[in-house]
Amino acid sequence: MKSLSLSGLVSAAVLILAGGALATDIPEACNSYKPAVTGGPMPSPESDTVVIRWLGNANFEFAYKGKVYLFDAYFDRTPRTHQVGFTSADVSKAEAIFVSHAHFDHISDIGPVARQTGAPVVGAPITRKPQ
């Protein structure tokens, strides 16, 4: 059985880790707790990074190429539920709102968010206002 030298192990480790991103390559948006829809940092338009944030229940935001997309919109909570740290009034940016289905915990804040941001609502006819 051959023994590996320390320099051989270091060389192997460098080759394995070379494919990973360096800490300096990670956009600020990846380390921020402030959602992009409320003015938080986003990856630059030149970046290929997609930042996906869970915003409670089935609500997500996808920030990519300087734009942010919402998947479901339920931010204003009742007193008996956990708050998400912001309300629908705080949402200032969205390119589009994609709706999975019409349960209250997916669509309750679509109206105010769509009006504030000008974002179109994409979903089944029951989830959006007829044009």
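Axes here are lines fitted to C-alpha atoms, for helices over the stretch in contact, and the angles between N-to-C directions run from 0 to 180 degrees. In the predicted model, helix α3, residues 110–117, lies across β3, β4 and β5 and runs at about 160° to β4.

The protein chain holds three helices and five strands. Along the sequence these elements follow the pattern α-β-β-β-β-α-α-β. Of the 131 residues of the chain, 31% count as buried. The accessible surface of the chain comes to about 8,600 Å², and carbon and sulfur atoms account for 61% of this area. Among contacts in the chain with a separation of 6 or more, 44% are between residues 24 or more positions apart.

The five strands form an open sheet in the order β1-β2-β3-β4-β5, with mixed pairing. Strands β1 (50–54) and β5 (121–122) stand at the edges with a single partner strand each, so one side of each is left without a neighbour in the sheet. Strands of a sheet pair through backbone hydrogen bonds, in either a parallel or an antiparallel sense. Here β1 and β2 pair in the antiparallel sense over five bridges, and Val 50 stands opposite Tyr 64 in β2. Strand β2 (residues 60–64) is likewise joined to β3 by five bridges, and these two strands run antiparallel. Within this pairing, Ala 63 has Val 68 of β3 as its bridge partner. By contrast, β3 and strand β4 (residues 96–98) run parallel and are joined by three bridges; the bridge partner of Phe 71 in β4 is Phe 98.

Strand β3 (residues 67–71) shows an alternation of side chains. Val 68 and Leu 70 point to one face and are buried, whereas Lys 67, Tyr 69 and Phe 71 point to the other face and are not buried. Val 68 is thus both a buried residue of β3 and the bridge partner of Ala 63.

Two loop residues that are not glycines have a positive phi. Asn 57, in the loop between β1 and β2, has a positive phi of about 50° although it is not a glycine. Asn 57 is partly exposed, with a relative accessible area of 36%. Lys 65, in the loop between β2 and β3, has a positive phi of about 55° and is not a glycine either. The hairpin of β2 and β3, to which Lys 65 belongs, has two residues between the strands. The relative accessible area of Lys 65 is 28%, and the residue is therefore partly exposed, given that this class lies between the 20% limit for buried and the 50% limit for exposed residues.

A nonpolar surface patch of about 570 Å² is made by Val 50, Ile 52, Trp 54, Phe 60, Tyr 64 and Phe 71. The elements that give two or more residues to the patch are β1 and β2. The most is given by β1, with three residues. Ile 52, found in strand β1, is partly exposed, with a relative accessible area of 48%. Two further members of the patch, Val 50 and Tyr 64, stand opposite each other in the pairing of the strands. Phe 71, also part of the patch, is among the residues of β3 that are not buried.

How values were computed
Residues numbered from 1 in each chain as written. Predicted model: local features only at pLDDT ≥ 70, side-chain atom pairs only at ≥ 80, totals over all residues. Heavy atoms only, no water. Buried < 20%, exposed > 50% of the residue type's maximum accessible area, 1.4 Å probe, protein only. Helix = DSSP H or I, 4+ residues; strand = E, 2+ residues; numbered from the N terminus. Pairing = 2+ DSSP bridges. Contact = heavy atoms within 4.5 Å. Patch = residues over 30% accessible without salt bridge, like charges linked within 9 Å, V, L, I, M, F, W, Y side chains within 5 Å. Areas by Shrake-Rupley, 256 points an atom, 1.4 Å probe, with all protein chains shown as cover. Salt bridge = Lys/Arg side-chain N within 4 Å of Asp/Glu carboxyl O.
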